[in-house]
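Subject: Structure handover

Hi there,

Here is the structure I said I would pass on to you. Have a look at it first, and then read on for my notes on what turned up.

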Amino acid sequence: MPALANVDAVFALLEAGGGAAYFGEPVTVLEHSLQSAWFVQRKGAPDTLISAALLHDLGHLLHGEGEDAADRGLDTQHEKLAAALLEGHLPVAVLDPIRLHVAAKRYLCHANPRYLAALSTASVASLALQGGPMWDTEAEAFLALPYAQDSLALRHADDAAKVPGLAVPELAAYRPLINALWR
Ligand SMILES: [Fe+2]
């Protein structure tokens with residue numbers, strides 16, 4: 001597992017692994033990450049949330065389990081993996097939305113039946129492994145978390161960021177933003 005000791009390592013990982021297909025979706029991991037960042041950015045998100053959107057699926061580039069992990073009944077916990085490796089380098093306002101973007105999906109499946117119905121096939125497959133829709137008490141606890149709203153915004157961008165061939169800013173455009181937040 002590569003250590004993410006500096007911004008170079010993070011960007012190298014996104015560039016190297018980012019060409020891989022994105023878990024049953026019609027875009028690569030890098031395209032998906034760039035679209036996620038762009039979708040929150042164009043809604044006026046703060047730099048911390050833009051960074052979280054760009055980096056939210058880094059864990060998928062680290063666990064090495066391949067695209068068929070969910071088919072094999074495996075929850076890779078990619079959200080925790082990415083946050084753990086970035087811990088200490090980026091503020092909690094970046095780490096928590098990354099950590100919570102799967103919980104946000106489980107919350108939205110609880111709160112909105114139409115959200116659940118509109119999930120992609122790959123997202124439905126992983127949902128079952130991630131614990132399914134939240135229960136009432138889980139949903140209440142989730143909403144009380146400091147970065148619940150940012151996590152939900154990230155999740156909506158995540159779900160939309162699967163557009164083949166969409167023109168969005170390239171990876172280098174986000175370098176200054178991550179550099180400024182990195183410790
Ligand atoms: Fe994602």
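Let me start with a pair of histidines: the side chains of H101 and H78 make a polar contact at 3.1 Å. Please keep in mind throughout that this is a predicted model.

H101 belongs to helix α5, and its relative accessible area is 1%. Because the cut-off for buried is under 20%, H101 counts as buried. Setting aside residues up to four places away in sequence, H101 touches H56, D57, H78, E79, L154, R155 and D158.

Two of those partners, H78 and E79, take us to helix α4, which spans residues 78-86. Both are buried there, as are L81, A82, A83 and L86. The cover over these buried residues includes α1 (7-17), α3 (47-55) and α5. Just after α4 comes G88, with a positive phi of about 90 degrees.

Helix α3 is worth a look of its own. It is mostly covered, with 8 of its 9 residues buried. Those residues are T48, L49, I50, S51, A52, A53, L54 and L55. They pack against α1, α2, α4, α5, α9 and α10, the last of these covering residues 175-181.

On to the aromatic side chains. The structure holds 1 aromatic pair. Y107 and F142 have ring centres 5.3 Å apart and planes at 25 degrees, so the pair is stacked; the cut-off for that label is under 30 degrees. The pair links distant parts of the chain, since Y107 sits in helix α5 (residues 92-111) and F142 in helix α8 (residues 136-143), 35 residues apart. Both Y107 and F142 are buried. Another ring has a charged companion: the charged end of R175 sits over the ring of F11, 4.9 Å from the ring centre.

You may also want to look at the pockets. The second largest one has a volume of about 170 Å³. Its lining is made up of F39, V40, R42, K43, A45, P46, L49, A153, H156, A157 and A160. Helices α2 (29-41) and α9 (148-160) each supply at least two lining residues, and α9 gives the most, with 4.

One of the lining residues is A153, which is placed in α9. Is A153 buried, partly exposed or exposed? Its relative accessibility is 32%, so A153 counts as partly exposed. Leaving aside neighbours within four places in sequence, A153 is in contact with V40 and L49, and both of these also appear in the pocket lining. L49 is, in addition, one of the buried residues of α3. As for distances, the C-alpha atoms of A153 and E79 are separated by 15 Å, and the two residues are 74 apart along the chain.

Finally, S123 is found in helix α7, residues 121-129. At 5% relative accessibility, S123 counts as buried. Beyond residues up to four places away in sequence, S123 touches K105, R155 and K162. R155 also turns up among the residues that H101 touches.

Happy to talk any of this through once you have had a look.

Best wishes

Key
Residues numbered from 1 in each chain as written. Predicted model: local features only at pLDDT ≥ 70, side-chain atom pairs only at ≥ 80, totals over all residues. Heavy atoms only, no water. Phe/Tyr/Trp six-rings, centres within 6.5 Å; stacked < 30°, edge-to-face > 60°. Buried < 20%, exposed > 50% of the residue type's maximum accessible area, 1.4 Å probe, protein only. Lys NZ or Arg CZ within 6 Å of the ring centre and 35° of its normal. Contact = heavy atoms within 4.5 Å. Polar contact = N/O pair within 3.5 Å; in protein donor to acceptor, adjacent residues only side chain to side chain. 1 Å grid on protein atoms, 1.4 Å probe; cavity = no way out; pocket = protein on both sides within 12 Å on 5 of 7 lines; lining within 4 Å. Points joined across faces, edges and corners; volume = space filled by probe spheres on them.
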